[in-house]
Amino acid sequence: MQREEVAAGTVVIREGEPGNRFYVLLSGVAGVSQSSIGDRRILRAGEFFGEVALAMHVSRTATVTAMTPCVVASCDAAAFDDLVRPFFADDSEAAI
């Protein structure tokens with residue numbers, strides 16, 4: 001995984017864009033929003049985001065913006081497929 005410092009106000013992922021990385025918030029606070037709904041929730045250290053686009057092969061479903069200075073760790077789609085995707089698979093997919 002790659003570690004990155006993110007300044008407050010920085011958009012980490014943007015709704016509608018292709019998803020190519022999975023993120024874990026190591027420190028700081030980030031906001032999640034969707035264009036059709038507005039503000040959705042607050043992410044804190046230890047929470048993750050970006051999995052939906054990678055797991056479902058769709059565009060980003062939300063925008064995540066750093067509300068404070070943040071540190072994130074991220075991995076690319078290949079690492080996600082190898083290391084993280086199995087945790088999102090249900091039992092029927094695991095048998096395939």
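Cysteine 70 turns out to be buried, with a relative accessible area of just 5%. That value comes from a predicted model, as does everything else described here. Cysteine 75 is tucked away too: this residue is buried, at a relative accessible area of 7%.

What about disulfides? A disulfide is a covalent bond between the sulfur atoms of two cysteines. A search through the whole structure turns up zero of them. Cysteine 70 is in no disulfide, and the nearest cysteine sulfur, which belongs to cysteine 75, sits 18 Å away. Cysteine 75 is likewise in no disulfide, with the sulfur of cysteine 70 as its nearest cysteine sulfur, at 18 Å. A disulfide needs the two sulfur atoms within 2.5 Å, so a pair has to meet that cut-off to count.

Both cysteines belong to strand E8, which covers residues 70-76, and this strand is part of an open sheet. The sheet has four strands in the order E1-E8-E3-E6, and the pairing is antiparallel. Its edges are strand E1 (2-6) and strand E6 (48-49), each of which pairs on one side only.

Going across the sheet, E1 and E8 run antiparallel and are joined by five bridges. Here arginine 3 stands opposite alanine 73 of E8. On to the next pair: six bridges hook E3 up to E8, again antiparallel. In this stretch, arginine 21 has aspartate 76 in E8 as its bridge partner. Finally, E3 and E6 run antiparallel with two bridges between them, and valine 24 faces phenylalanine 48 in E6.

As for how the inside is packed, some background helps. In soluble globular proteins, nonpolar side chains tend to be buried together. In this model, the largest nonpolar core has 13 residues, and the members that touch the most others are Leu25, Leu43, Phe49, Val64 and Val72. Two or more residues of this core come from each of strand E3 (21-27), strand E4 (29-34), strand E7 (63-66) and E8.

Which residues does phenylalanine 49 touch, leaving aside those up to four places away in sequence? The list runs to Val12, Ile13, Phe22, Tyr23, Leu43, Val64 and Val72. Apart from the largest core lies another one, made of five residues, including Leu54, Cys75, Phe80 and Val84. Cysteine 75 therefore shows up again here: this buried residue, at 7%, is one of the members of that separate core.

Note on methods
Residues numbered from 1 in each chain as written. Predicted model: local features only at pLDDT ≥ 70, side-chain atom pairs only at ≥ 80, totals over all residues. Heavy atoms only, no water. Pairing = 2+ DSSP bridges. Core = buried A, V, L, I, M, F, W, Y, C linked by side-chain atoms within 4.5 Å. Buried < 20%, exposed > 50% of the residue type's maximum accessible area, 1.4 Å probe, protein only. Contact = heavy atoms within 4.5 Å.
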